[in-house]
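Reader: I have a model on screen and a bench to get back to. Show me how to read it, feature by feature.

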Amino acid sequence: MSEKRTEISELGEFALIDHLNESIKIKNASTLKGIGDDAAVIDSGETVKVVTTDLLLEGVHFDLSYAPLHHVGFKAVAVNVSDVAAMNAIPKQITVSIALSNRFSVEAVDALYAGINAAAEHYGVDVIGGDTTASHSGLVISITAIGEAKKEQISYRSGAKVNDIVCVTGDLGAALVGLQILEREKQVFIANPDMKPQLENFTYVTGRQLKPDARMDIIHEMRDLEIVPSSMIDISDGLASELFHICKSSGVGVTIYEDKLPIDKQTFDTAVELGLDPITCVLNGGEDYELLFTIDQKDYEKLEKHPDIHFIGHVTNAEEGKYLVTKSGTTAQLKAQGWKHF
Ligand SMILES: [Mg+2]
């Protein structure tokens, strides 16, 4: 008898999550949101808590041949804080678990923790626990972040409404382009160890890949302006993929405009140098950790002049679909290629 075998790559990451979620039943009334957003939401009396966790593996999520341990530690915290930010909550605590092979010295662990502690300081979170264990295959880091907000402040992926304005922070595509540069210079180095990596002209894009910053600044500013985004998600897998998540959860469509998409000049020039289409990098590049959110039109005036928030389109009816209006005025269906881990 042959057993059925389905390859995980056939499903992909998101379908795998949906598949696993099917077997989970929520039992506690305090579980306000389980799987299916940037973080879970738990009723906690006066406030709600949000909880998110990420697992980072050497060789899959980071490459220590070019990523300094300090940066790896910082980034491991930042990506979790980014998911707390995406719920419109304030991060308060993290737990840090690591698995190490005997390749790592105490000094190496100290360097990793220096990065973790620097991020904890930067985001105002306390390291409250974790676990350490042995690993047979390099470094593994798992961080769980806990954040806090009032119930009515939480932004789910599911709240986008027709005619809401689609907003994005910062600029996009840089982390992907930075990764391509780091990989290119690594290959040059492998081929000829006497060659020094040429990274001087690429500090912005490589910095965006190695040491992203979660946009807590934007969350605090929106609090001061009394804006609660109708929906929000952080951009870890690429703008198009995140737009698909919001559209699916909210039951809406979207139209975005190519000429409104934010891209840094160095990202644009480097993409061209690498033979990549800059707009494809913006739409499908992962790991920028910027925020994608929707706001009611009445809030537009409050953000209109913000130097780091870009208004890239609007929410439509689901039947209208998901579209990109190009610079030449043609309309193209959006495709979510995303960032494939499998
Ligand atoms: Mg996220």
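Author: Start with the annotations. UniProt positions are given in the numbering used here, and annotations may be inferred rather than shown by experiment. Keep in mind too that this is a predicted model.

Reader: Which residue does the "binding site" annotation cover in the loop between β8 and α8?

Author: D237. The unreviewed UniProt entry gives this residue as "binding site". D237 sits in the loop that links β8 (231-234) to α8 (239-250).

Reader: Is D237 buried or exposed?

Author: Count neighbours. A residue is buried if 20 or more other C-beta atoms lie within 10 Å of its own, and exposed if 12 or fewer. D237 has 24 such neighbours, so it counts as buried.

Reader: Which other residues does the "binding site" annotation cover?

Author: T53, D54 and D131, again from the unreviewed UniProt entry. They are spread over 79 residues of sequence, yet they cluster in space, with a largest C-alpha distance of 14.4 Å.

Reader: Where do T53 and D131 lie?

Author: T53 is in strand β3. D131 is in strand β5 (residues 126-134). Apply the neighbour count again. T53 has 16 C-beta neighbours inside 10 Å, so it counts as partly exposed. D131 has 10, so it counts as exposed. Beyond its neighbours within four places in sequence, T53 is in contact with S142, I143 and T144.

Reader: How do I read the pairing of β3?

Author: Look for bridges and direction. Strand β3 (residues 47-57) runs antiparallel to strand β6 (residues 140-149), and 10 bridges join them. As a landmark, T52 stands opposite A145 in β6. Strand β4 (residues 90-100) also pairs with β6 in the antiparallel sense, over nine bridges. There, I90 stands opposite E148. Here is a general point for side chains. In a regular strand they alternate between the two faces of the sheet.

Reader: What is the strand order in the seven-strand sheet?

Author: Read across the sheet, not along the sequence. The order is β8-β10-β7-β11-β9-β12-β13, in an open sheet with mixed pairing. Its edge strands are β8 and β13 (331-333), and each pairs on one side only. From one strand to the next, the twist averages 25°. For a parallel example, take β9 (residues 252-257) and β12 (residues 322-325), which share four bridges. I256 has L324 as its bridge partner in β12.

Reader: How is the chain divided into domains?

Author: The domain assignment gives domain 1 (28-152) and domain 2 (157-333). Their centres, taken over C-alpha atoms, are 22 Å apart. For the interface, count residues on each side. 17 residues of domain 1 are in contact with 19 residues of domain 2. On the domain 1 side, α3 gives the most, with nine residues.

Reader: Why does the largest nonpolar core lie between the domains?

Author: First the general idea. In soluble globular proteins, nonpolar side chains tend to be buried together. In this model the largest nonpolar core has 80 residues. Helix α3 (residues 69-85) supplies its largest share, 10 residues. Both domain 1 and domain 2 give residues to this core, so it lies between them.

Reader: Which residues have the most contacts inside this core?

Author: V77, V81 and L239. Click on V81 to see an example. Leaving out residues up to four places away in sequence, V81 touches P91, Y123, A145, A214 and M216. A145 is a familiar name: it is the β6 residue opposite T52.

Notes. Residues are numbered from 1 along each chain as its sequence is written. This is a predicted model: local features need pLDDT of at least 70, side-chain atom pairs count only at pLDDT 80 or more; totals for chains, interfaces and linings use all residues. Helices (H or I, at least four residues) and strands (E, at least two) are DSSP runs, numbered from the N terminus. Two strands pair if DSSP finds at least two bridges between them. Axes are lines fitted to C-alpha atoms, for helices over the stretch in contact, and angles run from 0 to 180 degrees between N-to-C directions. A nonpolar core is a set of buried Ala, Val, Leu, Ile, Met, Phe, Trp, Tyr and Cys residues joined through C-beta atoms within 7 Å. Domain bounds come from an automatic or database domain assignment. Two residues are in contact if their C-beta atoms, placed from the backbone, lie within 7 Å.
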